[in-house]
Amino acid sequence: MTSVDHAVTRRRSYPARLAAAAGVGGIAVHLALAGEHAGHAPAVLAGLAVLALVCLPCGVQLWKRPGDRAAWMSLLALSGLMMLLHLGMRPEGAMLAVVLAVPAVQAVLGALAFLHRYE
């Protein structure tokens, strides 16, 4: 593999790595929120922990294999689901942007990855 091939491979891995990093950010936020609810709302704690762990397999797979179609499909499906769940919380103002940031970034990166793959 030449240095040009390495540069192309590295450039193509950027969307996957960014999506995985955004997922890690989402995991951290969900776990932090779970910690806040640990003492008084065990059901919320369990739900947030499960939601955090759902992101893990996609993120690991995208980091290791940026071109994995199944991982991208899972990411896009989960991003759509996250948007719906977050909108179901009826956020207002700045909170709307905050709760939609990770799934929106991941959805855009997933769409770009698919567009780039088929050009």
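The following exercises concern helix 3 and the largest pocket of a predicted model.

**Exercise 1.** Determine how the span of helix 3 relates to the expected value, and which residue caps its N-terminal end.

*Solution.*
Step 1. Helix 3 covers residues 69-88, 20 residues in total.
Step 2. From its first C-alpha to its last, the helix reaches 29 Å, which is close to the 28 Å expected at 1.5 Å a residue.
Step 3. The N-terminal cap is Asp 68, with a side-chain oxygen 3.0 Å from the backbone nitrogen of Ala 70.
Step 4. Just after the helix, Arg 90 adopts a positive phi of about 55 degrees.

**Exercise 2.** Identify the buried residues of helix 3 and establish how they are arranged about its axis.

*Solution.*
Step 1. With under 20% relative accessible area as the criterion for burial, the buried residues are Ala 71, Trp 72, Leu 75, Ser 79, Met 82 and His 86.
Step 2. Viewed down the axis of helix 3, these residues fall within an arc of 90 degrees, so they line one face of the helix.
Step 3. In general, an α-helix has 3.6 residues a turn, so residues three or four places apart point the same way.
Step 4. The face turned away from the buried side carries the exposed residues Ala 77, Leu 84 and Gly 88.

**Exercise 3.** Describe the largest pocket by volume, lining and residue class.

*Solution.*
Step 1. The volume of the largest pocket is about 550 Å³.
Step 2. Its lining comprises 20 residues, of which Val 29, His 30, Leu 33, His 86 and Met 89 are the closest to the centre.
Step 3. Helix 1 (3-36), helix 2 (42-64), helix 3 and helix 4 (94-117) each give two or more residues to this lining.
Step 4. By class, the lining has 16 nonpolar and 4 polar residues, and no charged ones.
Step 5. His 86 links the two topics: this residue is buried in helix 3 and is among the lining residues closest to the pocket centre.

Definitions and conventions. Residues are numbered from 1 along each chain as its sequence is written. This is a predicted model: local features need pLDDT of at least 70, side-chain atom pairs count only at pLDDT 80 or more; totals for chains, interfaces and linings use all residues. Side-chain values use heavy atoms; hydrogens and water are left out. Helices (H or I, at least four residues) and strands (E, at least two) are DSSP runs, numbered from the N terminus. The expected span of a helix is 1.5 Å times one less than its number of residues. Buried means under 20% relative accessible area, exposed over 50%, partly exposed in between (1.4 Å probe, protein chains only). The arc is that of the directions from the helix axis to the C-beta atoms. A polar contact is a pair of N or O atoms within 3.5 Å; within protein, one must be able to donate a hydrogen and the other to accept it, and residues adjacent in sequence count only if both atoms are side-chain atoms. On a 1 Å grid over the protein atoms alone, a cavity is a set of points where a 1.4 Å probe fits but cannot get out, and a pocket is an open set with protein on both sides within 12 Å along at least five of seven lines; lining residues have an atom within 4 Å of a point. Grid points are joined across faces, edges and corners, and a volume is the space filled by probe spheres set on the points. Ala, Val, Leu, Ile, Met, Phe, Trp, Tyr, Cys and Pro count as nonpolar, Asp, Glu, Lys and Arg as charged, and the others, Gly among them, as polar.
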